[in-house]
Amino acid sequence: MNYKAAIEAILFTMGESVELGRIADAIQLSEKETKTLIEELKKEYAGSANIGMNIIELDGAYQMCTKPQMYEYLIRIAKQPKKRVLTDVLLETLSIIAYKQPVTKAEIEKIRGVSSEHAVSKLVEYNLVQELGRLDAPGRPLLFGTTEEFLRSFGVQSIDELPVLSPVQVEEFKQEAEEEMHVKLDV
């Protein structure tokens, strides 16, 4: 068995410091043998310009981390804007929140007819939606609403500027939804 590879995998995957005893137990070696292997790995990492990682010791535990000379690359990648993809599900959920805010997940799910946990979480992650507080009702469910980032992204100064649907459009959407339901039920 390649114990060094196992130690690397453990430290990389855990992402935080791991006690020597836990590593030793995982690879089924003594703490002394495990410590020797870790020290060898530390020397290999430190001595190679081709490896961007270090292993550091923190109070009897070990952690894999980036070499300081690699920080500039990390800063560059962190500064790059993340590509956010708003799928139909996310757009549908976002529109419900925008027009009905403050709104609970249960209300969103009632309108959509399916679970919206993932969609709401993604919208919060994208900073388009935020928690506004809790509804004063049994279970005290969270209330959600849009953020300033939502307004910037959609080029409006307030939610009052969102387009208003005419009664004719609402009726057309209802008919389309009913037709869609009949097609699904017939299949």
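The exercises below work through strands, cores, salt bridges and surface residues of the structure above.

This is a predicted model, with residues numbered from 1 along each chain as its sequence is written. Local features need pLDDT of at least 70, side-chain atom pairs count only at pLDDT 80 or more, totals for chains, interfaces and linings use all residues, and side-chain values use heavy atoms, with hydrogens and water left out.

**Exercise 1. Work out the strand order of the open sheet of three strands.**

Solution.
- Start with the terms. Strands (E, at least two residues) and helices (H or I, at least four residues) are DSSP runs, numbered from the N terminus. Two strands pair if DSSP finds at least two bridges between them.
- Take β1 (residues 18–19) and β3 (residues 61–66). They pair in the antiparallel sense over two bridges. Val18 stands opposite Tyr62, and Glu19 stands opposite Ala61.
- Next, take β2 (residues 53–58). Six bridges join β2 to β3, again in the antiparallel sense. Ile55 stands opposite Met64 here.
- Put the pairs together. The order is β1-β3-β2. The edge strands are β1 and β2, since each pairs on one side only.
- Check the turn. β2 and β3 form a hairpin with two residues between them. Asp59 in that turn has a positive phi of about 55°.

**Exercise 2. Describe the pairing of β4 and the cover of β5.**

Solution.
- β4 (residues 129–134) pairs with β5 in the antiparallel sense over five bridges.
- Gly133 in this pairing stands opposite Leu143 in β5.
- Now the cover. Buried means under 20% relative accessible area, exposed means over 50%, and partly exposed lies in between (1.4 Å probe, protein chains only).
- β5 (residues 142–146) is mostly covered, with four of its five residues buried.

**Exercise 3. Identify the residues that touch the most other members of the largest nonpolar core, and the helices that supply it.**

Solution.
- A nonpolar core is a set of buried Ala, Val, Leu, Ile, Met, Phe, Trp, Tyr and Cys residues joined through side-chain atoms within 4.5 Å.
- The largest core holds 18 residues. Leu94, Ile97, Ile108, Leu123, Leu128, Val129 and Phe150 touch the most other members.
- Helices α5 (88–100), α7 (117–125) and α8 each supply at least two residues of this core. The largest share, five residues, comes from α5.
- Look at one member. Leu123 is in contact (heavy atoms within 4.5 Å) with Leu86, Leu90, Thr93, Leu94, Ile97, Leu128 and Val129, leaving aside its neighbours within four places in sequence.
- A second, separate core has 16 residues, including Leu29, Leu37, Ile55 and Met64.

**Exercise 4. Locate the salt bridges of Glu40, Glu39 and Glu149.**

Solution.
- A salt bridge is a side-chain nitrogen of Lys or Arg within 4 Å of a carboxyl oxygen of Asp or Glu. The count comes to 13.
- Glu40 bridges to Lys4, with the closest N and O atoms 3.1 Å apart. Glu40 lies in α3 (residues 31–47) and Lys4 in α1 (residues 3–14), so the pair ties together parts that are 36 residues apart in sequence. Glu40 is partly exposed at 34% relative accessible area.
- Glu39 bridges to Lys35 at 3.9 Å. Both lie in α3, four residues apart, about one turn of the helix. Glu39 is partly exposed at 26%, and Lys35 is partly exposed at 32%.
- Glu149 and Arg152 meet at 3.3 Å, N to O. Both lie in α8, three residues apart, about one turn of the helix. Arg152 is exposed, at 55% relative accessibility.
- Finally, salt bridges that share partners join Lys35, Glu39, Lys42 and Glu57 into one network.

**Exercise 5. Place Leu74 and Leu165, and classify each by accessibility.**

Solution.
- Leu74 is found in α4 (residues 71–79). Its relative accessible area is 40%, so Leu74 is partly exposed.
- Tyr71, Leu74, Ile75 and Ile77 form a nonpolar surface patch, with about 390 Å² of accessible area together. Patches are made of residues with over 30% relative accessible area and no salt bridge; like charges are joined within 9 Å, nonpolar side chains (Val, Leu, Ile, Met, Phe, Trp, Tyr) within 5 Å. Areas come from the Shrake-Rupley method with a 1.4 Å probe; for residues, only the protein chains shown count as cover.
- Leu165 lies in the loop between α8 (148–154) and α9 (167–186). Leu165 is partly exposed, at 44% relative accessibility.
- Leu165 touches Val170 and Phe173, not counting residues up to four places away in sequence.
- The C-alpha atoms of Leu165 and Glu8 are separated by 57 Å. These two residues are 157 residues apart along the chain.
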